Structure formats: structure tokens, C-alpha cells
Amino acid sequence: MTRVNERVGGVARAVRSRWPSLCALLALGGLYAALPSTLLLGGPRWLLLAIVSVLAVPLVVTHYQGAHDVNQVIGFVLNGVVTATMIMSLALLIRALPLHLEKPQELLQSAAALWLSNILVFASWYWRLDAGGPHHRAQQQEHLKGAFLFPQMTLPPERKHAAGLHEWTPNFVDYLFLAFNTSTAFSPTDVPVLSRWAKVLMMLQSMISLLVIALLAARAVNIL
């Protein structure tokens, strides 16, 4: 009976943690659609949102059917698509700077959209990759190891029980908070990084954020 309850609890946690990540991917499609036409890769501006919406259907279906390996592959494809579009739009924006193709207001809006996209993209990667992915984390009664050392993981058992955190596992909001701190502070804050792949991703995210804030936004302010 205890095992059944643990499995039901794990499934319930997995369901609760999926929707914020899907909303983040849809938001990325919306941010891409808000960019000026000079920063789009071609085709209609709603193309990325349409791709995300189409791939979201098998993503949800495979999750509820228990096809977790297929679900993970689709998730990687989705993350790869939104990452590629963000990097290409950033490259187009950098190319447009010396050519003065963008108005100051459009440049600021583009920089803001790409900065937010940077947070959502890397939060999606952290959530998808950490400790084997969301399905593997949901199967664990308690999150004890992974690429990131969350503060809840360092509490003594008695403190965890007193705070009601003895079954705590990170969800998408925790990784979104981590990605937000990385983009604003250019480093981890309250969550130390343990694995090499996570360190590489966080360096890349910090570099993109610094590029957007220091180069693009500053350039837009100077020419206002």
C-alpha cells in the first residue's frame, strides 16, 4: 500500500510540474513573434509558436501514456528548436547594430525579449536535464542529488520534517529562479552548481545575458 501511495504521489508531482514548462515554451513562441521582422529567420512571425504548439500535443500525450523516453526526446527537440531560434535572432540583432537597421525603441524591445527568452530557454534545459529529467525526479521520494545543490537539500532531516520538506523535489519554478539569477547576477546565487554540464550551460547563459545587457541595451540607450 505504501508503494502504491508513493507511486501516486510521484505521478501527481510530475503532472503538477509539467504545465509551467509547457507555458514557458509557449511564451518563447510569443516573444519570438514580438521581435521585429529583421530578427526573424523567415516565414510568418508565428511560426515558432505554431511549431511549439504542434509538438506540445505529442509531448502531453506521451507523458500521460507513460512513454517517458519518447517524451524526453520530444522535449529535447522542442528545447533545441527554441534555443536555435533565440541564438539566430541574437546573431541577427548583433549584425544589425553597426548597420543601424533598428530604431532605438525597437532595439530596446528586442533586447528585452531576447533577455527574457534566455531565461526561459535555460530554465527549460535545467529542468529537462537535472537528475535524469522530470520523470526520474518524480519517482524519487526526496530529491537528494543532482546537478544543482538546492538549499532544501542541505537541511538536516529533522529540519526538513519540521518545515514539511521531507518529500521536496524541485519543479520548474525552482529552475526558473535559478536561470533568472544567472541572467541577472551572471553567476549562481543560492544554488551551487555541481556537474560540469550544468557549469557549461550556466557560463553560456551568463555570456548571452551579458551580451544582451551590456552591448545591445547600452547601445540602444546611447542612441536614444
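**Group meeting: a walk through an all-helix chain**

Read along the sequence, the chain in front of you follows the pattern α-α-α-α-α-α-α-α, and its secondary structure accordingly comes to 8 helices and 0 strands. Please keep in mind throughout that this is a predicted model. The chain has 224 residues, of which 42% are buried, and if we take the contacts with a separation of 6 or more, 72% of them join residues that are 24 or more positions apart.

I would like to begin with helix α4, which runs over residues 104–129. At 1.5 Å a residue, its 26 residues should span 38 Å, and because its end C-alpha atoms are 37 Å apart, the model agrees with that expectation. Is this helix mostly covered or mostly uncovered? It is mostly covered, with 19 of the 26 residues of α4 buried.

One of the residues in α4 is Ser 110, and this serine counts as buried because its relative accessibility is 1%, where the cut-off is under 20%. Leaving aside residues up to four places away in sequence, Ser 110 touches Leu 35, Pro 36, Leu 39 and Leu 93.

Let me turn now to the interior. The largest nonpolar core has 50 residues, and those with the most contacts inside it are Leu 35, Val 82, Val 121, Phe 122, Tyr 126, Phe 148 and Phe 150. Which helices each supply at least two residues of this core? They are α1 (2–33), α2 (47–65), α3 (68–99), α4, α7 (172–185) and α8 (196–222), and the largest share, 13 residues, comes from α4.

Tyr 126 deserves a closer look, since we have just met its name in that list of core residues with the most contacts. Not counting residues up to four places away in sequence, Tyr 126 touches Phe 148, Tyr 175, Leu 178, Ala 179, Leu 201, Met 202 and Gln 205.

That brings us to the way α4 packs against α7, where the angle is about 135 degrees and the axes are 8 Å apart. The two helices are therefore oblique to each other, and α4 passes α7 in a right-handed crossing. On the α4 side the residues that meet α7 include Trp 115, Phe 122, Tyr 126 and Trp 127, while on the α7 side the partners include Phe 172, Tyr 175, Leu 178 and Phe 180.

A second pair to look at is α2 and α3, which pack at an angle of about 165 degrees, again with axes 8 Å apart. Because an angle over 145 degrees is counted in this way, α2 and α3 are roughly antiparallel to each other, and their crossing is left-handed. Among the α2 residues in this contact are Leu 48, Ile 51, Leu 55 and Leu 59, and they belong to a set that meets α3 residues including Val 70, Ile 74, Leu 78 and Val 82.

Finally, I would point you to the stretch that follows α4. Where does Ala 131 sit? Its place is in the loop between α4 and α5 (134–139), and there Ala 131 has a positive phi of about 55 degrees although it is not a glycine. Is this alanine buried, exposed or partly exposed? Ala 131 is partly exposed, because its relative accessible area of 32% lies between the cut-offs of 20% and 50%.

To close, I would ask you to keep α4 in view as you turn the model, since this helix supplies the largest share of the core and also packs against α7.

Methods. Residues numbered from 1 in each chain as written. Predicted model: local features only at pLDDT ≥ 70, side-chain atom pairs only at ≥ 80, totals over all residues. Heavy atoms only, no water. Helix = DSSP H or I, 4+ residues; strand = E, 2+ residues; numbered from the N terminus. Expected span 1.5 Å × (residues − 1). Buried < 20%, exposed > 50% of the residue type's maximum accessible area, 1.4 Å probe, protein only. Core = buried A, V, L, I, M, F, W, Y, C linked by side-chain atoms within 4.5 Å. Contact = heavy atoms within 4.5 Å. Axes fitted to C-alpha atoms, helices over the stretch in contact; angles between N-to-C directions. Parallel < 35°, antiparallel > 145°, perpendicular 65-115°, else oblique. Left-handed = near helix turned anticlockwise from the far one by under 90°.
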